[in-house]
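Here are some short exercises to work through with the model open beside you. Try each task yourself before reading its solution.

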Amino acid sequence: MTAKQGKYSLSDIFVCARCGYCCQGETTVSLDQDDQRRMVEELGLDRETVKEKYWRVTGAVVQMKIVDGHCIFYDEQTGCTVHKGRPWRCGEWPLHPSILTDRNNYETIRESCPGINRELSYGEFCEILQYLIDEAGRVKC
């Protein structure tokens, strides 16, 4: 199958294992205005309450807080508790566009994410990812 046939889907390169590995660590993604709005709507709380309870604000940078080494919204049993309102960067992960230009990024992400299709070569993976990005503008997992 070639990309020109229009038959590629996200599941050809990635199927989320809901392992939560991407939610772990001492850093988190920045939230743009749309992310903030979606999160507030999903939580059903006013912006100030969400900001105080869930966000770390440093100057103009808004990020989700970290609790016990993981994103404040990560729950071991259920995964992301704000999944529908998650930041676009979380929805994009692990299919970060840097994979297309840096094989080392691909290898690092592939090693840490069990949802990446390991049967594909780097070239095949990039061909499908580029096709999906071209079709949708950005990939949402």
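**Exercise 1: a hairpin**

Find how strands E1 and E2 pair, and over how many bridges.

*Solution.* This is a predicted model, and we begin with two of its strands. Start by selecting residues 55–58, which form E1, and residues 61–64, which form E2. The two strands run antiparallel and are paired over four bridges. Next, pick Val57 and look across to E2: its bridge partner there is Val62. Finally, look at the turn. Two residues lie between the strands of this hairpin, and Gly59 has a positive phi near 65°.

**Exercise 2: backbone angles worth a second look**

Locate Asp68 and decide whether it counts as buried or exposed.

*Solution.* First, place the residue: Asp68 sits in the loop that links strand E3 (66–67) to strand E4 (70–71). Then check its backbone, where phi is near 50°, a positive value in a residue that is not glycine. Last, turn to accessibility. The cut-off for exposed is over 50% relative accessible area; Asp68 has 72%, so it counts as exposed.

Now find the peptide bond between Trp93 and Pro94 and state its geometry.

*Solution.* The bond is cis, with omega about 10°. As for its setting, Pro94 belongs to the loop between helix H3 (88–92) and helix H4 (103–112).

**Exercise 3: two helices in contact**

Work out whether H1 and H2 are roughly parallel or roughly perpendicular.

*Solution.* Two packed helices are described by an angle and a distance between their axes. For H1 and H2 (residues 47–54), the angle is about 100° and the axes are 10 Å apart. Angles from 65 to 115 degrees count as roughly perpendicular, and H1 and H2 therefore fall in that class. Who makes the contact? From H1 come Gln36, Val40 and Leu43, which meet Arg47, Val50 and Tyr54 of H2. Sorted by class, this contact has four nonpolar residues, one polar and one charged.

**Exercise 4: a buried aspartate and a partly exposed cysteine**

Compare the surroundings of Asp35 and Cys19.

*Solution.* Take Asp35 first, which lies in helix H1. Its relative accessible area is 0%, so Asp35 is buried. Beyond the residues up to four places away in sequence, Asp35 touches Ser30, Gly85, Arg86, Pro87, Trp88 and Arg89.

Then move to Cys19, in the segment before helix H1 (33–43). With a relative accessible area of 38%, Cys19 is partly exposed. Outside its neighbours within four places in sequence, Cys19 contacts Tyr74 and Pro114. One more distance to check is from Cys19 to Glu76: they are 57 residues apart along the chain, yet their C-alpha atoms are separated by 8.6 Å.

**Exercise 5: the nonpolar cores**

Which helix gives the most residues to the largest nonpolar core?

*Solution.* In soluble globular proteins, nonpolar side chains tend to be buried together. Here the largest nonpolar core has 18 residues, and those with the most contacts inside it are Ile13, Leu95, Ile99, Ile116, Phe125 and Leu129. H4 and helix H5 (122–136) each supply at least two of its residues. H5 gives the most, with eight. Zoom in on Phe125 next: leaving out neighbours within four places in sequence, Phe125 contacts Ile13, Leu95, Ile99, Tyr106, Ile116 and Leu120. Another core, of 11 residues, lies apart from the largest one, and includes Tyr54, Met64, Phe73 and Val82.

How values were computed. Residues are numbered from 1 along each chain as its sequence is written. This is a predicted model: local features need pLDDT of at least 70, side-chain atom pairs count only at pLDDT 80 or more; totals for chains, interfaces and linings use all residues. Side-chain values use heavy atoms; hydrogens and water are left out. Buried means under 20% relative accessible area, exposed over 50%, partly exposed in between (1.4 Å probe, protein chains only). Contact means heavy atoms within 4.5 Å. Two strands pair if DSSP finds at least two bridges between them. Axes are lines fitted to C-alpha atoms, for helices over the stretch in contact, and angles run from 0 to 180 degrees between N-to-C directions. Angles under 35 degrees count as roughly parallel, over 145 as roughly antiparallel, 65 to 115 as roughly perpendicular and the rest as oblique. Ala, Val, Leu, Ile, Met, Phe, Trp, Tyr, Cys and Pro count as nonpolar, Asp, Glu, Lys and Arg as charged, and the others, Gly among them, as polar. A nonpolar core is a set of buried Ala, Val, Leu, Ile, Met, Phe, Trp, Tyr and Cys residues joined through side-chain atoms within 4.5 Å.
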